[in-house]
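Here's a quick tour for anyone about to load this one into a viewer. Have the sequence and the coordinates open side by side, and we'll go through the helix packing before turning to the ligand and the annotated positions.

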Amino acid sequence: MTAPIDPTTTSAWAELSAHQASFTPDLRGWFASDATRVERFSLPLADLHVDLSKNLVTDEILSSLVKLAEETGVADRYAAMLAGEHINTTEDRAVLHTALRRPAGMEPALEVDGQDVDGDVQSVLSAIDAFADRVRSGEWKGVTGKAVTHIVNIGIGGSDLGPVMVYEALEPYANAGIEARFVSNIDPTDMGQKVKGLDPETTLFIVASKTFTTLETLTNARLARDWLWDSLAEAGVSVATDAEKDDAVAHHFVAVSTALDKVAAFGIDPANAFGFWDWVGGRYSVDSAIGLSLAISLGPDTFRELLAGFHAVDRHVAETPLEKNVPVLMGLLNVWYVNFLGAQSHAVLPYAQQLHRFAAYLQQLTMESNGKSVMWDGSPVTTETGEIFWGEPGTNGQHAFYQLIHQGTKLIPADFIAVVNPAYPLEDGGQDVHALFLANYLAQTKALAFGKTAEEVEAEGTTGALVAARTFAGNKPTTSIFAPSLTPSVLGQLIALYEHITFTQSVVWGINAFDQWGVELGKKLALEIAPAIEGDDAALSAQDASTQALIAFYRANRA
Ligand code: F6P
């Protein structure tokens, strides 16, 4: 195992500490005195235009950050990942989500641990294409011979967030009259709401679970199976015998998993199961068969275009020098903010309603990846690690939490994402509403960067205590990401951008971004507590006093 490098021992870290000690951010001054700043700090990334100029860095700081990436081996680790080395050390696994989007026939072919990775990926993609086409054309029929009108994806975490986010983002591409719904929460309300109004004869469930052991997903899959049988019976379809029940499941359930034996044990025909591999982490899996709901609802071509967008960014990362490498630079800026300027969180603010689930998606990607306190060799980290990612689409956020970003005491670096051409261009009395929307996108980063001085406030006639209240300090860092349109490829580019930002940070910090042991304890305890809630007094007395009291409240108030 290559040992992680303690970033705090590098010479770049010493340089950055020196920069920090004498640092006075001055975006107004930097812009006024440097006519080429915007040009130097604006970079292309496939179809994206990325403007880093309103970040709190100078050329010197940026070059020390690039040196930090060099000294901590970011490029080597990326190459090791692409080559299939087992960089997921705690699970002894390769990390190959980038292989999911390699175009067919790419040379040299990728073989890892004796597996023909390219061949396997292409064969699952072909199976997805063929199945999606059958469902979309109506060739795939439900148990009573009717075509599918609704699909319900049952999954959680990476088996849910990616598909939901992409479905919402690319909804304008849904062209087969098939609506997708997504059930994730084990709160029965989620299932209850999502099957409301559905016709069992035209509904297809996709059970998506990498492990096929996840409590929420398997519980929801059983609930869905019961709903199918009950509502078919209500519709007069005979599902009395085991054979009839099996037949209904075979026509209305398919699965996506790495554990195809467990899929069969659930009663889903292995012929209708789509596989992937242990080298795809859950939060990196939307471009695997986990995207089946997308291939069906949006079409195989749209799904392939999405993959091509991911790949364009993978190539950029592999082929671009660090100082022009957009995901690497954005990851390094995050390191600067977290480790030297004390930022605790990072806002992602899409000015695109279609991206309204993007921040939720990124929360799993970034926080499950970099929320770690040990390095990949088990030694304690030497610095602060993963920041809290959060956000809502503009302009909704403007009327909610932006006040704190503008005038609060916290440093919150923010990414502003927008597209030039909206999916639904509308006018309001001759006014292009999207142009008005984009004016907000531009106004916010301007206000955050340059603020408003007391003199400017006074010049408008404000006096007394109001002057301070109406003054904006400025120097609030933002990155602007602009794309022509939210095409499938652009969406793939955006997702891959954040995957690689996350990876860059993880390598600098020396952590394994691909395990998630922190989630395990809660899962185990939930299984122990469930009987206590249901009335098992021995299980109850094994609980701590607070948990016992909460269960007592539950029992006392249960209807
Ligand atoms: O939240 C933990 C986790 O293991 C995620 O990493 C994963 O995406 C999610 O649970 C769902 O797991 P599975 O796809 O195996 O059901």
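Which residues in helix 13 meet which residues in helix 20? Keep in mind that this is a predicted model. On the helix 13 side you'll find Thr-302, Glu-305, Leu-306, Leu-307, Ala-308, Gly-309, Phe-310, Ala-312, Val-313, Asp-314 and Val-317, and they meet Pro-488, Ser-489, Val-490, Leu-491, Gly-492, Gln-493, Ile-495, Ala-496, Leu-497 and His-500 in helix 20. Sorted by class, that contact comes to 13 nonpolar, six polar and two charged residues. The crossing of this pair is right-handed.

Helix 20 also packs against helix 14. Here helix 14 brings Val-326, Pro-327, Val-328, Met-330, Gly-331, Leu-332, Asn-334 and Val-335, while helix 20 brings Leu-497, His-500, Ile-501, Thr-504, Gln-505 and Val-508. Nine of the residues in this contact are nonpolar and five polar, with no charged ones. Leu-497 and His-500 are worth clicking on: they appear in the contact with helix 13 and in the one with helix 14. Again, helix 14 and helix 20 cross in a right-handed way.

A further pair is helix 9 with helix 10. Arg-225, Leu-228, Trp-229 and Leu-232 of helix 9 touch Lys-245, Ala-248, Val-249 and His-252 of helix 10. That contact splits into five nonpolar, one polar and two charged residues, and the crossing is right-handed.

Here's the geometry of the pairs:

| Helix pair | Crossing angle | Axis distance |
|---|---|---|
| Helix 13 (residues 300-319) and helix 20 | roughly 40 degrees | within 7 Å |
| Helix 14 (residues 326-340) and helix 20 (residues 488-509) | about 50 degrees | 8 Å |
| Helix 9 (residues 215-234) and helix 10 (residues 242-252) | about 115 degrees | 10 Å |

Given its angle, the pair of helix 13 and helix 20 is therefore oblique.

Now for the ligand. It has 14 residues around it, and the closest are Gly-157, Gly-158, Ser-209, Thr-214 and Gly-282. The shell divides into two nonpolar, nine polar and three charged residues.

What does the UniProt annotation "active site" cover? According to that unreviewed entry, the label goes to Glu-368, His-399 and Lys-523. These positions span 156 residues in sequence, and the farthest two C-alpha atoms are 36.6 Å apart, so they do not all gather at one spot. To find His-399, look in the loop between strand 11 (388-390) and helix 16 (402-407).

Methods: Residues numbered from 1 in each chain as written. Predicted model: local features only at pLDDT ≥ 70, side-chain atom pairs only at ≥ 80, totals over all residues. Axes fitted to C-alpha atoms, helices over the stretch in contact; angles between N-to-C directions. Helix = DSSP H or I, 4+ residues; strand = E, 2+ residues; numbered from the N terminus. Left-handed = near helix turned anticlockwise from the far one by under 90°. Contact = placed C-beta atoms within 7 Å. Nonpolar A, V, L, I, M, F, W, Y, C, P; charged D, E, K, R; others polar. Near = placed C-beta within 6 Å. UniProt positions renumbered as here; feature names shortened; annotations may be inferred. Parallel < 35°, antiparallel > 145°, perpendicular 65-115°, else oblique.
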